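Dear colleague,

Please find below the structure that I am handing over to you. A short account of what was found in it follows.

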Amino acid sequence: MKTLGGIGSIILGVVAILVSVGLQTIWAPPAEFNASTQDAQEAPLTVVTEDIDVDPDDAIEYTVTGDGEFTLMYGQLRDIEAWVGDAAHNRIDGVNTDVERGEDPTVDMTYVDGETDLPNPTNSDLWLATQEVTDEVTQRWAQPDAGEWGLLIAADGSEPAPTEFSVSWVNVEPNSPLITPLMIGGIVLILLGIGLLLWRFAEFRRRAKRTSGRRAAVRGDYTGLTAADVVADTDTATQTMSVQEIEAGEPVEHQAEDEPTTVVSGIDPSDDESADDDDSQDPDDMNDANDSDGSAGSDGSDNGSTSEDATEALPTTDESNDDDDKGFLRRTVTAVSAFGLAIGMGIGPAHAATEGPQETSQEEDLTEQVEDEPVEEEVDPDEPDTFPLVVDAQFERILDSVVSTLDTGASEADAELLEARVDGQAKRFRDEFYRNSTIDEEYGLGAEVASDEILATWMDRSEDFPRTIYAVTADAEGGSTQLLALEQEDPRSQYKLVHNVPFAPDVELPSGDLSDADVEKIANDDSSELAMSPDAAVEALTDYLTDPDADAADDIATNDWIDSIHEHQSDWIESHEEQETDASISRTVFEDSVDSVRLPDGSALVFGAMNSMESLTPSEDTTVTVNTLTQELGEFASAEQEDQVRIRYREQFALLIPAEGEVSLVGYETVQSTVDSPGN
């Protein structure tokens with residue numbers, strides 16, 4: 001039973017290993033999976049989420065097929081969803097791999113009903129990269145280290161967007177869970193089988209030794225012709241023993257009639273090596289043999305020779321046990337060789353020949369347009385689990401677009417050309433500058449917005465709209481530095497410049513970038529952890545600029561610009577008083593012009609605009625002389641005015657409110673706005 005059990009165990013082990021290998025080769029799943037969308041409804045937009053990335057270790061390959069031209073827009077998923085809003089669209093958010101064996105997985109697509117007449121989303125500032133495609137494109141989905149990203153596909157916002165979307169990826173993990181158990185089980189069965197065969201071999205050896213000893217003892221007792229008889233020339237009748245007697249180890253009185261008889265003669269037990277081994281193991285048999293040999297020894301002594309000497313002259317052999325041992329050994333070696341072959345086939349894991357998807361992109365991948373640093377460098381593991389609303393690459397593109405629009409407007413001196421990228425106080429400033437420069441060529445077009453170098457950026461992490469980016473920029477020579485505020489009103493709007501003022505010299509601002517998580521917009525009446533609230537700081541500024549001796553002088557830090565304003569106003573008032581004209585200055589803040597943000601160091605940056613009015617009231621015998629620009633703006637018939645003249649200036653400014661100490665004026669610019677006379 002041990003022999004059969006061992007052989008059977010080895011056979012089962014080899015079969016198990018072969019099945020395990022087969023599950024990795026001929027029965028293995030395909031080397032590459034392909035999934036595609038099924039029937040889909042038409043919609044102007046198609047949204048693809050990063051859930052299609054079913055392979056976490058390698059970038060998947062996707063193919064988008066459409067009819068004609070369409071655009072791929074790559075951006076953060078929250079921005080894509082914000083832009084889509086209530087629009088009708090198809091959403092692709094995963095791959096269904098739970099299918100029957102042999103069937104292809106499918107791409108999960110869901111139709112969302114909504115509005116179908118949409119603006120073209122292609123040029124939105126929300127996208128990190130865009131790509132125009134004709135008919136078909138194949139690319140790889142590269143998963144960034146941070147943030148949640150997606151893909152928006154559209155034709156032009158009104159035509160149906162492509163819905164034929166397929167994904168392919170390399171199958172790197174076998175599906176069957178039986179591979180490892182079968183491999184281990186097969187090895188265990190083979191080892192068990194070998195153990196059983198070795199056990200059986202050991203028992204065989206022990207039995208062979210015992211049987212050899214018994215046979216040698218019987219031959220010593222019952223041999224009919226001994227060596228002594230041969231020397232003495234004695235005629236002794238040959239004794240015979242049957243097989244039954246040899247197996248029993250003693251004569252059998254009644255031999256079976258049909259049992260064949262074997263003659264054993266002329267063999268000396270002393271020459272049988274097996275008998276010696278058996279005698280040393282069985283003392284009783286050894287004593288019996290010595291008793292029977294005693295008489296033979298006395299007979300041999302009469303002839304002057306011992307039986308031992310005579311026996312040495314007769315060669316004896318006993319090869320039967322050695323042949324049996326060698327045969328069994330050969331069978332054991334054969335079994336071990338088969339085990340080694342099976343181990344060699346099973347232990348080395350079999351892999352299906354696989355190759356990664358080939359680069360078949362017809363055009364430049366979207367991800368190649370995106371530099372690594374905007375995504376990777378802006379992630380700080382110590383910061384909250386959020387991602388900047390805008391990365392550096394996006395802001396650079398936005399700023400370039402704003403500057404390009406400003407250059408176009410300045411070249412034509414037409415403020416209507418600024419509507420796409422300029423709004424709020426910045427738009428009104430440019431409008432008045434362009435108007436004034438048309439009347440007076442020497443008036444200028446206002447300070448140019450520098451974009452060659454971005455010195456600092458700040459942005460609130462709130463995903464709500466409107467969103468505002470604050471920045472400090474400079475030109476290549478460093479001669480012009482600007483403080484900017486750009487606002488995006490809603491997801492489908494572009495970022496527009498709403499504040500811009502030249503940066504005051506000898507003033508410092510804290511550093512910052514778009515990844516700072518401590519930046520937040522604050523209410524204008526919020527004075528928490530600040531020297532004063534933004535509203536109070538703006539009011540103090542208006543008082544101090546108007547009157548250097550105002551109580552607010554203790555709250556505002558002086559600088560060259562403030563000194564220059566005070567000097568100009570003092571000279572202006574003094575010159576008109578010499579002409580018997582009453583001159584006065586007053587300031588008021590434009591409603592809804594103040595915008596405040598808390599910076600990473602805890603201070604607050606405040607943008608705003610105010611109306612500065614200069615009033616000139618001549619005496620009865622004098623007149624007010626105005627320049628050409630003032631006369632044109634006031635629509636005066638002549639430059640000499642006998643009635644009061646009121647000249648208004650628009651002043652943009654930026655303040656820095658520290659946690660403690662004085663408020664600093666960090667940016668300022670003014671433009672002549674309107675002129676009127678109560679007498680006209």
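In helix 13, the buried residues (under 20% relative accessible area, 1.4 Å probe, protein chains only) are Gln-425, Ala-426, Lys-427, Phe-429, Arg-430, Glu-432, Phe-433, Tyr-434, Asn-436 and Ser-437. They pack, with contact taken as heavy atoms within 4.5 Å, against helix 12 (392-412), helix 16 (628-634) and strands 14 (496-502), 18 (604-618), 21 (645-657) and 22 (664-676). Helix 13 covers residues 424-439, and its end C-alpha atoms are 23 Å apart, in agreement with the 22 Å expected for 16 residues; the expected span is 1.5 Å times one less than the number of residues.

The model is a predicted one, in which local features need pLDDT of at least 70 and side-chain atom pairs count only at pLDDT 80 or more, while totals for chains, interfaces and linings use all residues. Residues are numbered from 1 along each chain as its sequence is written, and side-chain values use heavy atoms, with hydrogens and water left out.

Ser-20 belongs to helix 1 and is buried, at 0% relative accessible area. Its side chain reaches the backbone oxygen of Ile-179 at 2.8 Å. Beyond neighbours within four places in sequence, Ser-20 is in contact with Ile-179, Leu-182 and Met-183.

As to the whole protein, there are 16 helices and 22 strands, taken as DSSP runs (helices H or I, at least four residues; strands E, at least two) and numbered from the N terminus. Of the 680 residues, 42% are buried.

Yours sincerely

Methods
Buried < 20%, exposed > 50% of the residue type's maximum accessible area, 1.4 Å probe, protein only. Polar contact = N/O pair within 3.5 Å; in protein donor to acceptor, adjacent residues only side chain to side chain.
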